[in-house]
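Biologist: Could you take a close look at the pockets for me, and at what lines them? I'd like the walls described properly, one piece at a time.

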Amino acid sequence: MAGCVVRLAAREDVDWIMKIADDMGWKPGCGDEEAYWAADNTGFYVGELNGQIISSVALVKYGSSFANVGFYAVAEPYREKGLGYGLKTFQTGMDSLPEGCNVTLDCKLVKERMYERSGFKRTWTTTRRLVSVSTAVSTFRDHSPSFGVVIKPVQEISFDKICRYDTECFQKPRQPLFLEKWITLPGRKSFVAINAQRDVVGIIVARPTVRLDKDGYRIGPLFADSDDIACALMKSVIEAMIADGNLHQTLIIDIPDSNKNAVKMADDLHAERVFQCIRMFTKDPFQYPGEKIYGFTTLDIG
């Protein structure tokens, strides 16, 4: 651990974090670094050895009482060798948080014991599912949303209404600039569902991965007031992809296992199960409106 210096990341360091995330197979989206930096530009840390970045962690804060851990990574030459560089980076980030802050993260099952030693406790599970666009076409061909509900591009709806709905589902207000970038960065396909009163009752964002030809698109969030609205939003994304000539692409979505309607939707799409994650908290978990979460925005920062 000697010689490793941990510091607050600068904006250009986040590009390194996205690169190692891609190298490790985490499938980041194009432009994610811009949105993540807007979420919390004091929430990223890097470890340096001889002036070269070798480790990272993100602890994106939502107010003073809640933070989400992500991008806990170590460069391959220093990984799994007991050198402690990653742990030092992680602990420096944790120590920077306000006293009493409730911290959460998602990890694979094999890492559960490691995080328990840092005071995290297991709650629910999330499963990453892989959807084939060509398969989804036939599943949603005749689907339409509830009476009085219409699907619109996000640009046609008040941004304030989108922010309010996102907060209702996520349970914490995000930085508006993060959400603005998340839904409008180039290449993203973003739609909302609105009811007869023009209230937002669902939202979906599909963003291209940095290795689009190999990894396809990431779906997140997929929030909806009902199963048929969630399906209608998925159908809108799929139709937009087909219009762009992406019939043979895949969609990656992180689904909470507690939402049985979301699981059924994925099963109906014959979505492949890729892996399962555990959500962990240092304090009591806050309760998402689980019936509205069909796909999390991102496991990296919440």
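Modeller: Sure. A pocket here is an open set of grid points where a 1.4 Å probe fits, with protein on both sides within 12 Å along at least five of seven lines, and a residue counts as lining if it has an atom within 4 Å of a point. Bear in mind that this is a predicted model.

Start with the largest pocket, which has a volume of about 1200 Å³. Its lining takes in 40 residues, and those nearest the centre are Met24, Trp26, Tyr72, Lys111 and Tyr115. Several elements give two or more residues to that wall: strands E4 (66-74), E5 (102-108), E6 (121-132) and E12 (272-281), along with helices H3 (85-95) and H4 (112-116). E4 has the largest share, with six residues. If you care about the chemistry, the lining splits into 23 nonpolar, eleven charged and six polar residues.

Now the second largest pocket, at about 160 Å³. Trp16, Lys19, Ile20, Asp23 and Met24 are among its lining residues, as are Gln52, Ile53 and Ile54, and then Ala75, Glu76, Tyr78 and Arg79. So what ties the two pockets together? Met24 is on the list for the second largest pocket, and Met24 is also one of the residues nearest the centre of the largest one. Helix H1 (11-23) and strand E3 (52-61) each give two or more residues to the smaller lining, with H1 giving the most, four residues. By class, that wall has seven nonpolar, four charged and one polar.

While you have the model open, have a look at strand E10 (217-224) too. What surrounds it? Eight of its eight residues are buried. On one pairing, E10 runs antiparallel to E9 (200-208) over six bridges, and Phe223 in E10 stands opposite Ile203. Phe223 also stands opposite Ile293 in E13, a strand spanning 293-295 that pairs with E10 in the antiparallel sense over two bridges. E11 (250-256) is parallel to E10, joined by three bridges, and Tyr217 has Leu251 in E11 as its bridge partner. To get from E10 to E11, the chain goes through helix H9 (227-243), in a right-handed β-α-β crossover.

Methods. Residues are numbered from 1 along each chain as its sequence is written. This is a predicted model: local features need pLDDT of at least 70, side-chain atom pairs count only at pLDDT 80 or more; totals for chains, interfaces and linings use all residues. Side-chain values use heavy atoms; hydrogens and water are left out. On a 1 Å grid over the protein atoms alone, a cavity is a set of points where a 1.4 Å probe fits but cannot get out, and a pocket is an open set with protein on both sides within 12 Å along at least five of seven lines; lining residues have an atom within 4 Å of a point. Grid points are joined across faces, edges and corners, and a volume is the space filled by probe spheres set on the points. Ala, Val, Leu, Ile, Met, Phe, Trp, Tyr, Cys and Pro count as nonpolar, Asp, Glu, Lys and Arg as charged, and the others, Gly among them, as polar. Buried means under 20% relative accessible area, exposed over 50%, partly exposed in between (1.4 Å probe, protein chains only). Two strands pair if DSSP finds at least two bridges between them. A crossover is right-handed if, with the strands pointing away from the viewer, the path from the first strand over the helix to the second runs clockwise.
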